[in-house]
Amino acid sequence: MKEHCTARTILGGAAEGLVLASSEALSFWGGVDPATGNIIDIHHPLHGENVTGKILLMPSSRGSCTGSGVLLDLALNNRAPAALIFSEPEDVLTLGALVAEIFGHAIPVLRADTLAFAVLASAQRITITETEIVADRQPIQLLPAQVSALELSESDTAMLEGHSGPAAAQAMRILCAMAAQQGAHQLIDVTQAHIDGCIYASPANLTFAQTMADMDGKVVIPTSMNAISVDHEHWQSQGVPDHFGTPAAKLADAYVRMGCSPTFTCAPYLLDTAPSSGEAVGWSESNAVIFANSVLGARTAKHPDFLDLCIALTGRAPLSGVYLDAHRRARLVIDVDRPDEPDGAFWPLIGYIAGLLAPDRIPLLRGLASARPSRDDLKALCAAFGTTSAAPMLHIEGVTPEAGNADVQDTPHTIIDTALMTSTWQRLNAGPEQIDLVAIGSPHASLSECHGLADALDGRPIHPAVSVILTVGRETKSRMANDGTLSRLVASGVTTVSDLCWCSISEPVFPPTAKTVLTDSGKYAHYGPGLSGRSVRLGSLADCVEAALDGNAPQRLPKWLET
C-alpha cells in the first residue's frame, strides 16, 4: 500500500520561509529567547539557531506550558516563526498561535504525516498556501482543517453568546477552537484550575491577562496561581529593577483581580486543596500536571498558558486526552536497572531519561517499587520527566495508582541501564567544580524537603563565597516559620524566597556574580543554563550541602553509579 504524503491544516494561513527542522521536540519557554528568537536550550540540537521567520518543523513541543506565552510575545514583536509544522498532536504552541491570531498575527500551524514530515524537513525553503505546501519545488497536498462537531450545553452556549460577559465569551471561543482541533466532541466540568500564565515570561502574558481582566473576567471555580516572577511583597527592597518588577507584579495582580488565589506556587499538589483520585481539574504547569495525573490519580490535560484562564473563567475544559481512560494507558514500558541504595539524585535522573525515551507517549516504569520512593522523590521524577517529554503523565509499577491497570503485553519495551544513567549524569553534572550558588526548590520545596536541608546543614554556616537560595510556596514558608525550620536555615545563611521559583528567578535575586550553580533539580539542571546564562550542574542534596559548606563539588559519579 502506498504511503501517504500529506499535511493537514490546524490553523490556516499563508507563509514562506527557510526551513528549521529537528527530530527532537523543544520547549519554547526556557528554550527560546522571546527577545531575540534565539534557541537557548543548550541541550537541544538546534541550540544557537534563530526561529524568526523560519518554517519550524519538529515532532511536537515539550516541557513548559508557558511556551504559548513565549510564542505570543514573539508574534507581537515580529520575531515568531513564519509557520509551525508538527508530526504529532500539539497544544501549547498551537494555543499560542491561536491567541496571536486574535491579536492580528497569523502563524499557520500544520500537522504532517510521516512521509510528508520527512520531505518537508529535508527541504531548504517551504511555501504554504491555503491548499498546498511546496517544499523547494515539490508540492505536497494540504488537507483542510478537520473540525470535530462540538456539542455545547445550554450554559456553554449562553457563555458563548455573551450572557456571562465579554471575558467569558472570549474564553469560551478559545475553548471551543482548541476543543475542535483536539477532536473533542464536548466540554467537561472541572472542579478547580491552576494558572501557569502568571509567570512574566514576556510582556504578552501581561497583555492577555490585563485584556481579560479589563473585560471584567471573573473565575467561576477555585483557582490557584503558579509561582510568579518576583517576590510580590519584597521585590523593591530586593533591588529588582522597576522595568521588570512592576509589570511582573501587575501580571499577578491582574489574575488576583479576576478572583484567583495568590498561592504563588509551582507545586499546587502541596496545598491543602490538592485534588483527589478521579477528580477532573484544569491545571497548567507541566510538573504539576504530571504529578496530579500520575501520583494523585486526578485528571487534567497539560493545558497551555491562556487556556488555563479560559478554563477558570468558564469551569469547563475540552473532554479529550487524559480526561479519557483510553488516553491514560502506557504506550512504552521502561525497565529500570535500579542500582543498590541510590540517593535522592536518582529520581530526577530517571525522570529526565524516561522523558527522553518517551518524548511523546505515556510510559510505564518498572523496577522502582522496591526503592519505595517518597512523595518528594516522585515530585523530582515527575518534574524532570516533564522537562524532556510532552506526555502529561507516567506510571510506575507498584507505586502510582493506575499502574496496575496497564495491559502491556504488546507494548514496546526499552531499558534504562547503568551506561545510560552514567552518560546522562555526566552531561547534567558537567561544569566547573567551584560552586558559587546552590539552588534548591525547583519545583517549590516541600516542608519535608526544607526539614531535610536544615537537618543536613545542622546549624553549620555556609561558605562565605557561596549563596544558598531555597524557593518555596507561601504556605510552606509560613509552616517553616511556625515550626522553627526557617530560623534554622537563616542561622546557616540560607536565603528562603517565596512567590518566585528557580524557573522565574532573575537578577539581582539571582546573585549577579555567580558563575556556577549546583542544584538537586533535574528540571533546573536542564533549563537553568539557558535561563541564567550560567553553568548549572545536577547533584544530590548531600552534594549541595557539601558545596554550600566548602564551595566545591568534585565532578564524580554518585556512589550508586560507580562500578
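## The five-stranded sheet

Strand E18 (residues 437-440) and strand E19 (residues 467-472) run parallel and are joined by four bridges. Within this pair, Ala439 stands opposite Ile469 in E19. The model is predicted.

E18 and E19 belong to an open sheet of five strands. The order is E20-E19-E18-E21-E22, and the pairing is parallel. Strand E20 (495-498) and strand E22 (535-538) are the edge strands, each pairing on one side only. From one strand to the next, the twist averages 25°.

A helix goes with this sheet. H16 lies across E18, strand E21 (516-519) and E22. Its direction is about 175° to E22.

## The three-stranded sheet

Another open sheet has three strands, in the order E11-E10-E12. Here too the pairing is parallel. Its edges are strand E11 (223-225) and strand E12 (282-283), and each of them pairs on one side only.

Strand E10 (residues 193-195) runs parallel to E11, and three bridges join the two. Ile195 stands opposite Met225 in E11. Helix H9 (residues 307-314) lies across E10, E11 and E12. H9 runs at about 145° to E10.

## The largest pocket

The largest pocket holds about 1,200 Å³ of space. Its lining is made up of 47 residues. Those nearest the centre are Pro89, Glu90, Asp91, Gln182 and Gly321.

Which elements each supply at least two residues of this lining? They are strand E1 (6-11), helix H2 (92-102) and helix H5 (166-182). H5 gives the most, with five residues. By class, the lining has 21 nonpolar, 14 polar and twelve charged residues.

## The second largest pocket

About 580 Å³ of space lies in the second largest pocket. Its lining counts 29 residues. Closest to the centre are Tyr200, Phe244, Ile505, Ser506 and Leu531.

Two helices each supply at least two lining residues: helix H7 (242-257) and helix H16 (522-532). H16 gives the most, with four residues. H16 is also the helix that lies across E18, E21 and E22. In this lining, 18 residues are nonpolar, eight are polar and three are charged.

## A closer look at Ser320

Where is Ser320 found? Ser320 sits in the loop between strand E13 (316-318) and strand E14 (332-336). Is Ser320 buried or exposed? Ser320 has a relative accessible area of 10%, so it counts as buried, because the cut-off for buried is under 20%.

Leaving aside neighbours within four places in sequence, Ser320 is in contact with Gln182 and Ala184. Gln182 is also one of the residues nearest the centre of the largest pocket. Gly321 is another of the residues nearest that centre.

## In brief

Two open sheets have been described, one of five strands and one of three. H16 lies across strands of the five-stranded sheet and gives the most to the lining of the second largest pocket. H9 lies across the strands of the three-stranded sheet. H5 gives the most to the lining of the largest pocket.

Conventions: Residues are numbered from 1 along each chain as its sequence is written. This is a predicted model: local features need pLDDT of at least 70, side-chain atom pairs count only at pLDDT 80 or more; totals for chains, interfaces and linings use all residues. Side-chain values use heavy atoms; hydrogens and water are left out. On a 1 Å grid over the protein atoms alone, a cavity is a set of points where a 1.4 Å probe fits but cannot get out, and a pocket is an open set with protein on both sides within 12 Å along at least five of seven lines; lining residues have an atom within 4 Å of a point. Grid points are joined across faces, edges and corners, and a volume is the space filled by probe spheres set on the points. Ala, Val, Leu, Ile, Met, Phe, Trp, Tyr, Cys and Pro count as nonpolar, Asp, Glu, Lys and Arg as charged, and the others, Gly among them, as polar. Buried means under 20% relative accessible area, exposed over 50%, partly exposed in between (1.4 Å probe, protein chains only). Contact means heavy atoms within 4.5 Å. Two strands pair if DSSP finds at least two bridges between them. Axes are lines fitted to C-alpha atoms, for helices over the stretch in contact, and angles run from 0 to 180 degrees between N-to-C directions.
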